[in-house]
Structures are given as structure tokens and as C-alpha cells.
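Colleague: I'd like to learn how to read this model. Could you take me through it, one feature at a time?

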Number of protein chains: 2
Amino acid sequence: MKDVARLAGVSAMTVSRAMRAPDTVAPATLERVRRAIAQSGYVPNRVAGSLSSNRTTLVALIVPSLRNALYAEMIQGMSDVLMKHDFQLMISDSGYSLQQEEKLIAAYVAQRVCGIVLHNTRHTPQAVRILKNSALTCIETGNLVANPIDISVSFSNYAVGAAMAEHLAGLGYRRIGFASLPVRGNERLRERRKGFLTRLAKLGIAVRPELVLEVGPGLESGSRALARIVETDPKVDAVFFAGDVLAAGAVFECQRRGLDVPGRIAVAASDDNDLMQHMIPPLTTVRFPRYEIGVRSAELIVARAMGQEVGVRTVDLGFEVIRRGST
Amino acid sequence: MKDVARLAGVSAMTVSRAMRAPDTVAPATLERVRRAIAQSGYVPNRVAGSLSSNRTTLVALIVPSLRNALYAEMIQGMSDVLMKHDFQLMISDSGYSLQQEEKLIAAYVAQRVCGIVLHNTRHTPQAVRILKNSALTCIETGNLVANPIDISVSFSNYAVGAAMAEHLAGLGYRRIGFASLPVRGNERLRERRKGFLTRLAKLGIAVRPELVLEVGPGLESGSRALARIVETDPKVDAVFFAGDVLAAGAVFECQRRGLDVPGRIAVAASDDNDLMQHMIPPLTTVRFPRYEIGVRSAELIVARAMGQEVGVRTVDLGFEVIRRGST
DNA sequence: TTGTAAGCGTTATCAA
DNA sequence: TTGATAACGCTTACAA
């Protein structure tokens, strides 16, 4: 910066101003500085800038796993907003470990990020303490919670389960199964299941415990889940798959077994994506506003970083049951 | 840090040492410092540390689009390695724009990242200049290039196309079609297509230009591409789909039209994923070592950051043609 | 093994 | 509209 200043015949401070607040610099001076910057190939040092101003434009995101395509939409939403404001996105995965999450949070606080998004609503006490002390914007997502550390931006998984229960019951299905990824340490799936089973019970439909499965991820796993359910109870008339691409795997399995969907058995999915729409038959599913969650989260962080007061603690972005051919 | 030092009855420098090089501090002192850190809830300021040491543990990745699930594997590979070494990952997307890429590169250089991975091998002259001047580790991936800016870690898309040409020709297919996403500004697909068509020509198989398509992304788009190809030439006996999930969409379309795969028409895909394996029939495809590319890229960056000399300019991680039921 | 002093390259603040 | 000066919170280098 000093070199640029010398080249332009001004002080370093004027170079700094020319970059961050051009309208506070005289046009002629500005022009000279700009020329000097271009000529020297100067790239400012944001590390020094951040230290001096005690602010960064870094925003962190921690997801349970990066392999899961499901986060791509939210990441894109965050990225679109952050880029517009010249903020930077840092991403990492906790591997579904709260300890790892705590470690990452500490590292991000050390980097002095201005905001952090957690796709998770359970945390170690130490993680919560660090976040509360740091006073940075913290967005919890993945599941709407009543008492967020700072702000919750999501939809209610309990409501999702309940909505799907209504949907299936409303269509007349009575012998119903459920399969999801393991719910241990995953409050999102746990809530979705709870909402589903509780609402069905209220509607007078009991789900046999043997028909409530937890399985691994992947299409193959969905196929096996379907197989197990129809073998356990050949009269099952509908299954709700919560999470991953399990439902698609189940439909493939139905094709192999010659089970008509939905004539013989209905299949409902959650988390809409390209694949769900193009299966034969296309799958009834719940669409989550993942992109919008990313956008809203980033907007809140940027607003706070710009010094605005955001008077919200909970942002419910809802969801949508999309009925297609499979129910 | 001063507060912690006071609490522990040592100097700030000793606190710094206790954190970064514990074995250079006397055990008793170390213990006192650790207690003081825990007691005060001190979180070090890496911004200040980075400025002082003139090093960061930040690594940047720029991909054309974050929505595309195809990057998830590479990101996970990078993340796994970086996390192990306490490095941080920053991610953004260029939206397939070289201008945007240049802007992002400048921003990352300003952040003083220690390495940057570009999923792209074409750049603006200015971007190249910035990278060369900055002397940070720069990994280009997506396509193997002979003259990388710094290091190229990838596989050869030309070789991928050629290998698939050999595969189809070897199985006796003679009337062959090809469809990909638009190749404009995408040297990866351009090379793959070139390798495919060139090798087929060498094998005495001419591909009619009307059977070489460029289509948009998504399953639906693959369905339409297949439709157009079989309507243009009802005798086509094989189609190679390069990119995205086009091939899966094509197989869905074949099912709808009652065209047996591969009896009536063979379908080959590229970029193996869960879906490809579980289609009926499972798809013949090319597997790219995406996770490994992420791992290797991160390893090279970390090694350089640790001061090691890495004596490579080009790392060819290869690929694998996986024959399944669709050819 | 520990401490002292001098930066690192910006920006905040105040003065001119 | 511009400039001088003093931080920002660490680490490097060297001394004790």
C-alpha cells in the first residue's frame, strides 16, 4: 500500500480510502490512485485490514456431511447472497460428530468469521458457550427450534411428518410403514418420524413397530428397506421414506418385484429433487426450501455485519407436500 | 492473550508458545497456561496470527456451480485432508464465468489463502497474472493440461472419450450418437467429445453430425436428447452421454418408449454415481476419481504450506470404464 | 525455558 | 479532502 501511495503521490491512508470509500476522495486523486494500483498489480491484504478494523467478511457453514447432495442447494443460496456482497463462504463437515462440530466452531471463531450457519440444532455445552460469548451471528438450521442460540432459520420436521401422515391417511391408506436413516444424533429425522407417527395415531392409525425401520443411506438401502417391509407385512399399502434417496431405491425394488406403485403399494418420499420427479411413477414428496434457507441465512448474517438490527429469532420457511403419481 | 498471560503469571509469548509448540514450554508452565486458557474462555485471534506470521491455513476452491452434485465428492476429499491438518476450506462458484472467477481469485489472494483449487483450466490473462505473482499453490483440475499455471491434478477427458469409443466399438456398435451439456466454455466436455469422435473416426466409425447433441442439464433433458436421437436416426444402436445425469434420463425415456436397453439401443454414461448403478439396467459408465482428486489437491497444498517441495506439475489420476448392463 | 522488542499491513481517529 | 499517528493481537528474532 505504501508503494502504491508513493506511486500515486499520496499517503497510504488515501489509497485505503480510494478502495473502500471512493466518494470521499477527490476524483483526480482517485484516478491517480487507481492507475497506481493497476500499474503495480497491488492486491490488498485483507488479513491486515480485518485485524485493524476488527471485522471480516467470512461466513462459515458446518454441515454433517458434504457428500450428501442435499446441501448443495443451501450452499448455492448462501453463496449467491454472499458473493453479491463480497463476503466469503467457508465450509466444513462435522461427520455427524458434536465434538468435531465444537472444534470447527472454535476454529471459525478464531478466524473471526462474522457469522456461522449450523445445519444442526444439538451442540456440546462448550460449543454453545463459545458461540454465545463470541457475539457473532449464529444461524441454526435443519430443524426449527423454539430456543435457538441466536437465530433459527428452517422448517418444522415435526410438521413435515404430520403433513405426510395427513396426506396418506387422507388418501385412504391404513397399513403404513416408515423408513429413515438412523435417527440417533439426527434430531431432524427424529422429529419427522415423531410427527408422522404421532399424527397417524391421532388419526386412529397404529403403525406396527416392525414397520418402522432405520437403514443406511443410498438407493440400495432403500430397496432393501422396501423388501423388508413387504416381507414383514405383505398387506402394507403405503410407506413413507424420510431422508436420502431411499424412496427411489424402494420404487426400483417395486419394479423388480412387479409391485404396482401406487396400485399395490404407495411410496412417499421427502426432500424433492430431480430424481424424485423423474422416477416412474414420479414420487410424491415433501419439498424443502433449501435454497431459500441458504439465502435467508446469508441475508441475516450480512445484515448484522452491516450493523442492522434483525429482530427475529425464528424464521419458519415452511415446506410443501407435492403429490405425484406414487400415492 | 495478555489476559491469559497475566492469569498464568507468564508473558504473552509463553502463551503463544504453549498453543503452537507445547513441547518448548516447561510442563508445569504449560499446565498453568492451559488452565488459564480454559478458565478465561480465551479464543485466539488467527487474523492477528496470520498477519504476524504472514501465513494462513486457508485453502480456496472455485467450481463452476455448487448446485451440481458432482463436486460433492471432491469437496469431501479436500475437506477430509484439510481438517486433519487444521486447515480451512473456502468455497465459491464462478457461475461458469471467467470474469467472476478472476474476481474470486483476486479476493482469495487478498485473503492470503495458501492455496487455491480451480475446477477449470481456462482463465482470464489477468487471473493468470495474479496467480503467478502471488506465488501461492494453484491446482487446476477438471481436465489434465500440459502447461498448468502451477500444478494440474486430474484425468484426461480426451482419453475418457477415446476409451468409451473403444468400448462401444469393441462391443460391435456402429451407429452411434453422442450428447453432452453445452461445450462452450467447458473444455472438459469439449475434450471428452473430441476424444470420443476422433477415436471412433480412427476406428472407421463416422458419427453423423445430427447425432451429436448439446442439451441442458437434468434428467428431463436426457430424456429429450434420447428422443431426438432415435427420431433422427431410428437405427442408432448406441449413445454416449457425457455429463450430468443425462444417461439416466435417456434410460427412463427408453422405458417409456419400450426400447430395450441394451438390446435395442445401448446407453453409456460418464461420471459414475449411485443413480447410475441402480438404474434398470445399471449403466455402463466412466468412473472419475473425484474424491482422490480432492485428497491429492489438498495434500499438495498442505505439503507446500509446510515448506515441502513438491516436484510435480501434472498428476494424472486416471479413470475407469465400468461395464454394466446398459451396453 | 522464558521474556523483550519490533514489526506484520491495514484502518480508526483526529488534526490540518 | 488529505495526512499523521496509533493501534489491531499476534509471531519473529534475539537476548537473557
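Colleague: Let's start with the DNA: which residues are the closest to DNA strand C, and how many surround it?

Modeller: Some ground rules before that. This is a predicted model, where local features need pLDDT of at least 70 and side-chain atom pairs count only at pLDDT 80 or more, while totals for chains, interfaces and linings use all residues. Residues are numbered from 1 along each chain as its sequence is written, and chains are lettered from A and ligands numbered from 1 in the order in which they are written.

Modeller: A residue is near a strand if its C-beta atom, placed from the backbone, lies within 6 Å of it. For DNA strand C there are 22 such residues, and the closest are Met1(A), Ser16(A), Gly49(A), Ser52(A) and Thr29(B).

Colleague: Which helix gives the most to the surface near DNA strand C?

Modeller: Helices (H or I, at least four residues) and strands (E, at least two) are DSSP runs, numbered from the N terminus. Here helix 4 of chain A gives the most, with five residues. Helix 2 and helix 4 of both chain A and chain B each supply at least two.

Colleague: How do the residues near DNA strand C divide by type?

Modeller: Into eleven nonpolar, ten polar and one charged. For these labels, Ala, Val, Leu, Ile, Met, Phe, Trp, Tyr, Cys and Pro count as nonpolar, Asp, Glu, Lys and Arg as charged, and the others, Gly among them, as polar.

Colleague: And what comes nearest to DNA strand D?

Modeller: Of the 23 residues around DNA strand D, the nearest are Ala26(A), Thr29(A), Met1(B), Ser16(B) and Ser52(B). Helix 4 of chain B has the largest share of that surface, five residues. The split is eleven nonpolar, eleven polar and one charged.

Colleague: At what angle do helix 4 of chain A and helix 4 of chain B cross?

Modeller: Axes are lines fitted to C-alpha atoms, for helices over the stretch in contact, and angles run from 0 to 180 degrees between N-to-C directions. The axes of these two helices (residues 46-53 in each chain) cross at roughly 135° and come within 9 Å. So helix 4 of chain A is oblique to helix 4 of chain B; angles under 35 degrees count as roughly parallel, over 145 as roughly antiparallel, 65 to 115 as roughly perpendicular and the rest as oblique.

Colleague: Which residues meet there?

Modeller: Two residues are in contact if their C-beta atoms, placed from the backbone, lie within 7 Å. Val47(A), Ala48(A), Ser50(A) and Leu51(A) meet Val47(B), Ala48(B), Ser50(B) and Leu51(B). Six of the residues in this contact are nonpolar, two are polar and none is charged.

Colleague: What rotation superposes chain A on chain B?

Modeller: Copies are superposed by least squares on the C-alpha atoms of residues with pLDDT of at least 70 in both. A rotation of 180° with 0.1 Å of shift along its axis does the job (RMSD 0.1 Å), which means the relation is that of a two-fold axis. Met90(A) comes closest to that axis among the residues of chain A, at 2.1 Å (C-alpha).

Colleague: How many residues are in contact across the two chains?

Modeller: 45 residues of chain A touch 44 of chain B. The chain A side divides into 23 nonpolar, 14 polar and eight charged.

Colleague: What about the backbone: where does Arg112(A) lie?

Modeller: Arg112(A) sits in the loop between helix 6 and strand 3 (115-118) of chain A. Arg112(A) has a positive phi of about 60° although it is not a glycine.
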